[in-house]
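Colleague: I've never looked at this one before. Can you walk me through it?
Modeller: Sure, here it is.

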Amino acid sequence: MSAVGGTTTHRKQPFRRAGEPWTRPKGAAEVLERWRTNGTWRNVTWSHNVDPHAASTAPMPPGLAPGVERALHQRGIRDLYSHQARAFELASAGKHVVVATPTASGKSLCYNLPILQALAADPTATALYLFPTKALSRDQEEALRGVMRDADLSVGAITYDGDTPNDARRAARQRAGVLLTNPDMLHAGIMPHHTGWARLFSNLKYIVVDELHTYRGVFGSHLANVMRRLLRIARFHGSSPTFLFASATIGNPREHASRICGEPVELIDESGAPTGPRQVVVYNPPVINAELGMRQSYIKTAVRLTQDLVRAGVPTLVFGNSRNGVEVMLKYLRDRLARDQIDPSAIHAYRGGYLPKTRRRIEAALREGEIRCVVATNALELGIDIGALDAVVCAGYPGTMAGLWQRFGRAGRRRDLSLAVLVASSNPVDQFMARHPRQLISAPIEHARIDPDNIEILIQHLKCAAFELPFEPDDVYGDVPDDALREALDYLADNGVVHPTTTPAGSIYHWASDSYPANNVSLRSASWDNFVIIDLDGDRTIAEMDWRSTHTMLHEQAIYQHEGGQYQVERLDFDNHKAFVRHVKPDYYTTAMTHSKVTVLEQDQGATLELGEVLLDAGLGDVSVIEKVVGYKKIKFHTHENVGYGEVHLPEMQKHTTAFWLTFPEDFVQSQPEPRAVVVDALRGLSKAMHVVAAVGLMIDPRDLGRALGSCSEDEGPPSKGQGPGFDPTIFLYDTVAGGIGLASRMFDEREELLRRARYLIESCECTEGCPGCIGPDASSDEDLEAARKQLVLGLLDAVGVSATH
């Protein structure tokens, strides 16, 4: 029986100690020492000791309700950390607060304590908790209910989401003092029916927004508008709630929280929680092909290091950047550790796509210490309580400094030494971090960016707001200026969506359509329904998959990996969103191959770069990005050999977004002594370097930015195989989120600096031919061309007059 799979009479121990070699190291310190002596340390590019931090405490606040204080004492809490005491003081005074302290510093108590005190003082008061995921709200509900029960509070707490049964929904509307939900349910399931929630909204004292750092980009812009609507409804019902935000470390917590709620916010960013000593290690796998700059598989390397930790009895969390990567690492770890007589049920995966029941089983087993190693995607970056862990291994840089430190913060909840290891992949940004590891402590933490006044998002939510309540002449909508609000409402009136009624005080705008607007507004960029995955042998649903990932992971004949097992997709019912799979035992897994094409729809701005004799055209505008899965590769387990290909027949995915582009004239390309194909490939390498420096400069996840080389004119055909003229090669850097979040315009504004920084990256890279850390390895087999490729890129930049920026 699995450690997370129900009850059994004789519980298996995760580790069977019999026959264990007496020489096996124990604990993180001994593993580190073993790595230093067995050659592993040769590939460590940086090792950094983070000093322990003593606790800074404060006594319990005077006047704290006796029942609340008793409930805290039962949990061993006799004092508060300094940041918890400060949060209680500010929240009790009605100030909006954002607590931005590291992972595991006790942020939950910062918002729970003032709410518990308010409920003890006034049993009719209510609070609304917002979490980005269902799993997190369920986790917090369980903990909050226990405290409320021990504090003898007469009000209840309930989670209201898509999994909540009907009878519980009625109870939530009528009796709940604390409602826990997610932004999507608040937007589409609660606010449009606010009259049925009059008890909640008329007594609303606090609004908690946890995991604030996750609300960035389009999702964050939507949430800011949801908050504008929520405050408008609260005012209608006679309440004026206080916002309590909790965030992992980001560069602009006060500004970000203020943009979300539209009002000034107090910042608490000094943690009083103690931390143990932590060793941070950056490991760059050894080069196995110096000519191509290819390194040993980072997945297999992460597995090997994790194996050492688990064998030494160190509870370990491994982070992967993809679902496929997580499942591959899970299989490898179970296979390897089985030789050491370690029960496979002691090693589990945790990722998006698992059914809620499966996730909750795993979370409970983690808290109980039954699972000794978990392999996870960013689903576990959030504040789910999973107990104490002593080591974190990141297989690949997660894309942001904030994300990396949040993952690292998962280890070290005890006072003993903890270990945080980053295993760099061949990805350019990973290699940049491996070569400049001091960036991990010296570089600023990324800012969370949103644009709540994005006209498309604003108009969508104004429709929802008008459906909820008519807009009166003196109505306000967050911090949107009055003239801009009236202009937007007049636009909706012109399109027959709202109906203006003239009064002496001004126009009142009533909802005038038969539609239910919230249903047509998705807060998250993936707006399509999930696919369910059905096991044909057991005739049961085993998992679900988002619409975008289905194209790459659930095409027919794909090997879908689930909890360490492999399933072959027998049939994909695309119209009904169902994938039918069968359990198999292959010696390979599959990975999809995609093709992207970018087409300019409309140019908003244009400029000419006059840096040298050759003029370059830069543009900013709307583009269409078409992605299509064209096939898949079969990759053999353990050796990672490519053992075959297959075709995929699925519809293409199209989105409109914004892009910055840079066009090199065809005449310039033809004037180079090298063949045209070689010059175009060099420009492709330049685009890779521009992508790296843009991601670092904008302080974004590289996956937020797409890259392509093509033509900015639809009429121009592809280049011919000979030396004849083709299109003007154009480098595209585009927002991967449909509609864009303003990245393209910033690149357009900084276009010259972007090229200079790209040149500096290429020049400062230690490789001779081009490697994954700068322009990428050459795909051709011609060694002469390969050796000259990096120099060719620098020569092209010389020709257009680009010097380096240090």
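**A first walk through the model**

Modeller: Let's start with one residue: Thr594 sits in strand β26, which covers residues 588–609. Keep in mind that this is a predicted model.

Colleague: OK. Is Thr594 buried or exposed, or in between?

Modeller: Thr594 counts as partly exposed, because its relative accessibility is 42%.

Colleague: And how far is Thr594 from Gln672?

Modeller: Their C-alpha atoms are separated by 31 Å, and the two residues are 78 apart along the chain.

Colleague: Let's zoom out. How many helices and strands are there in the protein chain?

Modeller: The protein chain has 24 helices and 31 strands.

Colleague: What box do the C-alpha atoms fill?

Modeller: Along the principal axes, the box is roughly 85 × 80 × 55 Å.

Colleague: What does the radius of gyration say next to a compact globule?

Modeller: The two agree: a compact globule with 806 residues would have a radius of gyration near 28 Å, and the protein chain has 28 Å.

Colleague: What share of the residues is buried?

Modeller: Buried residues make up 55% of the 806 in the protein chain.

Colleague: Switching to charges. How many salt bridges does a search of the whole structure find?

Modeller: That search finds 20 salt bridges. As background, side chains of opposite charge can pair when their charged atoms come close.

Colleague: Show me one. What does Glu89 pair with?

Modeller: Glu89 meets Arg86 in a salt bridge, at 3.1 Å from N to O. Both residues belong to helix α3 (residues 82–92), and they are 3 residues apart, about one turn of the helix.

Colleague: Are those two buried or exposed?

Modeller: In between: Glu89 is partly exposed because its relative accessible area is 48%, and Arg86 is also partly exposed, at 35%.

Colleague: What about Glu141, which residue does it form a salt bridge with?

Modeller: Glu141 forms a salt bridge with Arg145, and their closest N and O atoms are 3.1 Å apart. Again both partners lie in one helix, α5 (residues 134–150), with their positions 4 residues apart, about one turn of the helix.

Colleague: How open is each partner there, buried or exposed?

Modeller: Glu141 is buried, since its relative accessible area is 9%. Arg145 is partly exposed, with 39%.

Colleague: Which residue meets Arg323 in a salt bridge?

Modeller: That's Asp546; the side chains of Arg323 and Asp546 come to 3.2 Å, N to O. This pair links distant parts of the chain, 223 residues apart: Arg323 is in helix α12 (residues 323–338), while Asp546 is in the loop between β22 (540–545) and α19 (547–553).

Colleague: Why does Asp546 count as buried?

Modeller: Asp546 has a relative accessible area of 18%, and buried means under 20%.

Colleague: Which residues are linked in a network of salt bridges?

Modeller: Arg228, Asp453 and Asp479 are linked that way.

Colleague: And which residues form a negative surface patch?

Modeller: Asp482, Asp483, Glu487, Asp490 and Asp494 form one. Asp483, for instance, lies in helix α18, which covers residues 482–494.

Colleague: Why does Asp483 count as exposed?

Modeller: Because its relative accessibility is 59%, and exposed means over 50%.

Colleague: Now the backbone. What's up with phi of Gln341?

Modeller: Phi of Gln341 is positive, near 60°, in a residue other than glycine. Gln341 sits in the loop between α12 and β15 (347–350), and Gln341 is partly exposed, with a relative accessible area of 40%.

Colleague: What is the phi of His640?

Modeller: His640 has a positive phi of about 60°, although it is not a glycine. His640 is in the loop between β27 (616–636) and β28 (642–647). With a relative accessible area of 24%, His640 is partly exposed.

Colleague: Back to the loop between α12 and β15: is Ala346 buried or exposed there?

Modeller: Ala346 is in that loop, and Ala346 is buried, with a relative accessible area of 0%.

Colleague: Last one. How far apart are Ala346 and Val310 in space?

Modeller: C-alpha to C-alpha, Ala346 and Val310 are 9.8 Å apart, with their positions 36 residues apart in sequence.

Note on methods:
Residues numbered from 1 in each chain as written. Predicted model: local features only at pLDDT ≥ 70, side-chain atom pairs only at ≥ 80, totals over all residues. Heavy atoms only, no water. Patch = residues over 30% accessible without salt bridge, like charges linked within 9 Å, V, L, I, M, F, W, Y side chains within 5 Å. Areas by Shrake-Rupley, 256 points an atom, 1.4 Å probe, with all protein chains shown as cover. Salt bridge = Lys/Arg side-chain N within 4 Å of Asp/Glu carboxyl O. Lys, Arg positive; Asp, Glu negative; His and termini not counted. Charge placed at Lys NZ, Arg CZ, Asp CG, Glu CD. Helix = DSSP H or I, 4+ residues; strand = E, 2+ residues; numbered from the N terminus. Buried < 20%, exposed > 50% of the residue type's maximum accessible area, 1.4 Å probe, protein only. Rg over C-alpha atoms; globule rule 2.2 N^0.38 Å.
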